[in-house]
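Colleague: Please take a close look at one helix pair in this model. Tell me how the two helices cross and what lies between them, then place that beside the partner chain.

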Amino acid sequence: MLVKITPNEFNPWKHLQNHELQAGKFGATATFIGTMRDYNVGDTVKSMFLEHYPDMTEKYLQRISDTALQRWDILDTLIIHRVGEILPGDNIVLVAVWAGHRGPAFDACRFLMEELKAKAPFWKRETLVNNEVRWVNANNA
Amino acid sequence: MGNPVTLLRNISCINLDRINQTYFIHMITIKFFASLREEVGKNEVQIVADEQLTITKIWHQVCDGIPLPAHVLMAINMEYTDSNAVVKDGDEVAFFPPVTGG
């Protein structure tokens, strides 16, 4: 299980490649990658700042990873989340689950992502092309 | 003037643990995040309380008459809690708006 918060741009494919378990030991890898859009509620977005609550964020993500590992027949989990200043096209989050079979891999990956969206203490503040700055106050499905 | 608990610790003849037990001196750190930090105009504050406080009482003591918004999330020592929770000496309390990560 790995949880990482990073202020730096990251390549999810590279992380997946580096994190994979020993060949032959797993049969399914379910992943979710969240990427910054250049639009939101009808406006063009220039950049975004991702604030978080240091330590509580890591603690919460570790807890939901533990829950997933206990609840489903899975082998390993990975969560990487970006913080700080980000630009459209940048990756925001990677959630990955390795398992013997696709069912628990899909279910645990969905669980981790939904729990992260619902309760992990991150907040988005976006800057529009007209330089208006506003907090994002809703998490869409 | 330093903070009261530090001052008390510096007086060697006083047993601080006993004082804490008897008079309920609580040092509490309160943090605010994101849009809520801007609304209340505070980032982090520390208070010394001489009685046991709930989260709601702490909000009212620190936020100068601003009503506790219904949507606000709260944590003690980085664990989600509710407004009736009682805070202990040394606790870190956090108030923040609904989260928007991912």
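Modeller: A crossing is called left-handed if the near helix is turned anticlockwise from the far one by less than a right angle, and right-handed if clockwise. By that rule, the crossing of α2(A) and α3(A) is right-handed. Keep in mind that this is a predicted model.

Now the geometry. Helix α2 of chain A covers residues 56–71, and helix α3 of chain A covers residues 102–119. They pack at an angle of about 150°, and their axes lie 10 Å apart. Angles over 145 degrees count as roughly antiparallel, so α2(A) is roughly antiparallel to α3(A).

Next, the residues. From α2(A) come Tyr60(A), Leu61(A), Ile64(A), Ser65(A) and Ala68(A). They meet Ala108(A), Phe111(A), Leu112(A), Glu115(A), Leu116(A) and Lys119(A) of α3(A). By type, this contact holds eight nonpolar residues, one polar and two charged.

On to the partner. Chain B touches 21 residues of chain A with twelve of its own. Elements α3 (34–40) and β7 (92–96) of chain B each give at least two residues to that side. Eight residues of the side are nonpolar and four are polar, with no charged ones.

Chain B itself has four helices and seven strands. Their order from the N terminus is α-α-β-α-β-β-α-β-β-β-β. Of its 102 residues, 22% are buried. Among the contacts in chain B with a separation of 6 or more, 53% join residues 24 or more positions apart.

How values were computed
Residues are numbered from 1 along each chain as its sequence is written. Chains are lettered from A and ligands numbered from 1 in the order in which they are written. This is a predicted model: local features need pLDDT of at least 70, side-chain atom pairs count only at pLDDT 80 or more; totals for chains, interfaces and linings use all residues. Two residues are in contact if their C-beta atoms, placed from the backbone, lie within 7 Å. Ala, Val, Leu, Ile, Met, Phe, Trp, Tyr, Cys and Pro count as nonpolar, Asp, Glu, Lys and Arg as charged, and the others, Gly among them, as polar. A residue is buried if 20 or more other C-beta atoms lie within 10 Å of its own, exposed if 12 or fewer, and partly exposed in between; C-beta atoms are placed from the backbone. Axes are lines fitted to C-alpha atoms, for helices over the stretch in contact, and angles run from 0 to 180 degrees between N-to-C directions. Angles under 35 degrees count as roughly parallel, over 145 as roughly antiparallel, 65 to 115 as roughly perpendicular and the rest as oblique.
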